[in-house]
Amino acid sequence: DVSGETISYREYNEGEGKQPHTLVFVPGFMTDDTLASILPALPEFRDHHIIAVNPPGWHGSTMNNPVESHASNADIIVELLQVLGVSQAMVMGISTGGGIAFYMAQRHPDKIKAAFLMHSIPLGGLRYITVTGELVPIVDLDQVKASMMFPTDDPDFVYELFKSMSTNQKGFLPRNHKLTEYMIKAAQDMPGKDDIAVVNTKFNVTPIKTIFGPPSDALSALKSKVVVIHGSEDFIVPWLIVEPVTRLAIIEQWAPLGKLSLYDDGAGHTSL
């Protein structure tokens, strides 16, 4: 239990505390720690103690208190690291998890020495959302919640959702694969879907005021090393969302800070 929440997490390559590096993995919206299961099989991570965490509001973890921002979940994950006896770590966040990873690095530079933001949400929050294939400008938070009310109880719909985000359409896991079933359940059982959708829209770490987010000095105050990987558009995340995370982010936001920012053309939204 951390800050009144029961946190679900999974560890790989523990190595009895002898691994030279610790990597914290934060999943994206409607996914969970399962996405990190491939990392231990990659040679680049054999010497990494990997901790895949489901933040409050995600499948497997509680949400006893409303999730007001990604910063609060970032603080809870860092508190979890303290409970686990981890003094320093790197963090990798995918999509929505990138917003949490950002705050982990920005708010706790003494504990988070580097952050990898993989196809992360825009620094100024989500301005648009996809509803039945159409772009709808978000004008109020009730509309954000309403737009998230898609049939997540339909497993076939959720499967096609995940497949549409994949970089490997033909080689994507079959519908009856155990991992596929687990990911579908993670999406169906995510208690904070509505709350996290609103938080994604309110997310703003730039000095520019947005519709839902006040200006912030969080970006300029970032001290930890950061590597940003931007993905190209796909069915789930159209160009109007991707564009501020790519060209604008690289030229106007990350480059002036001296942070390494890469554009992964054709990669889709996530590394699924």
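This is a guided tour of the structure, stop by stop, with a suggestion at each point of what to select in the viewer.

**The whole chain**

Begin with the entire protein chain in cartoon view, keeping in mind that this is a predicted model. The chain contains eight helices and nine strands, and of its 272 residues 51% are buried. If you switch to a surface, the exposed area comes to about 12,500 Å², of which carbon and sulfur atoms supply 55%. Contacts that span the sequence are frequent here: among those between residues at least 6 apart, 75% join residues at least 24 apart.

**Strand E2 and its two partners**

Select residues 21-26, which form strand E2, a mostly covered element in which five of the six residues are buried. Now add residues 48-54, strand E3, which runs parallel to E2 and is joined to E2 by five bridges. To see one position in this pairing, show Val 24 of E2 together with Ile 51, its bridge partner in E3. Next add residues 89-94, strand E4, which also pairs with E2 in the parallel sense, here over four bridges. Within that pairing, display Phe 25 and look across to Met 92 of E4, which stands opposite.

**Helix H6**

Move on to residues 193-202, helix H6, and colour them by accessibility: the helix is mostly covered, with seven of its ten residues buried. Which residues of H6 are buried? Select Lys 193, Ile 196, Ala 197, Val 198, Val 199, Asn 200 and Thr 201 to highlight them.

**The aromatic cluster**

The next stop concerns ring geometry. A pair of aromatic rings is described by the distance of the centres and the angle of the planes. The structure holds four aromatic pairs, and one of them is formed by Phe 102 and Phe 203, an edge-to-face arrangement with 6.4 Å from centre to centre and 90° between the planes. Phe 102 belongs to helix H2 (residues 96-107), whereas Phe 203 lies in the loop between H6 and strand E8 (225-231), so this pair ties together parts that are 101 residues apart in sequence. Keep Phe 203 selected and add Tyr 103: the centres of these two rings are 5.7 Å apart and the planes stand at 85°, so this pair too is edge-to-face. Because Tyr 103 lies in helix H2 and Phe 203 in the loop between H6 and E8, the contact ties together parts that are 100 residues apart in sequence.

Are these three rings buried or exposed? Phe 102 has a relative accessibility of 2% and therefore counts as buried, Phe 203 counts as buried at 5%, and Tyr 103 counts as buried at 12%. Shown together, Phe 102, Tyr 103 and Phe 203 form one aromatic cluster.

**Salt bridges**

For the final part of the tour, display the charged side chains; a search of the whole structure finds six salt bridges. Start with Asp 75 and Arg 107, whose side chains meet at 2.7 Å, taken from N to O. This pair links distant parts of the chain, since Asp 75 lies in helix H1 (residues 70-83) and Arg 107 in helix H2, 32 residues apart. Asp 75 counts as partly exposed at 25% relative accessibility, and Arg 107 is likewise partly exposed, with a relative accessible area of 41%.

Then select Asp 156 and Arg 175, which form a salt bridge with an N to O distance of 3.0 Å. Asp 156 sits in helix H4 (residues 155-164), while Arg 175 is found in the loop between H4 and helix H5 (178-188), so that the pair links distant parts of the chain, 19 residues apart. Both ends are partly exposed, Asp 156 at 46% relative accessibility and Arg 175 at 25%. Add Glu 181 to the selection, and you have a network of salt bridges that links Asp 156, Arg 175 and Glu 181.

Finish with Lys 185 and Asp 189, which form a salt bridge in which the closest N and O atoms are 2.6 Å apart. With 33% relative accessibility Asp 189 counts as partly exposed, as does Lys 185 with 42%.

Methods
Residues are numbered from 1 along each chain as its sequence is written. This is a predicted model: local features need pLDDT of at least 70, side-chain atom pairs count only at pLDDT 80 or more; totals for chains, interfaces and linings use all residues. Side-chain values use heavy atoms; hydrogens and water are left out. Buried means under 20% relative accessible area, exposed over 50%, partly exposed in between (1.4 Å probe, protein chains only). Helices (H or I, at least four residues) and strands (E, at least two) are DSSP runs, numbered from the N terminus. Rings of Phe, Tyr and Trp (its six-membered ring) pair if their centres lie within 6.5 Å; planes under 30 degrees apart count as stacked, over 60 as edge-to-face and the rest as tilted. Two strands pair if DSSP finds at least two bridges between them. Contact means heavy atoms within 4.5 Å. Accessible areas come from the Shrake-Rupley method with a 1.4 Å probe; for residues, only the protein chains shown count as cover. A salt bridge is a side-chain nitrogen of Lys or Arg within 4 Å of a carboxyl oxygen of Asp or Glu.
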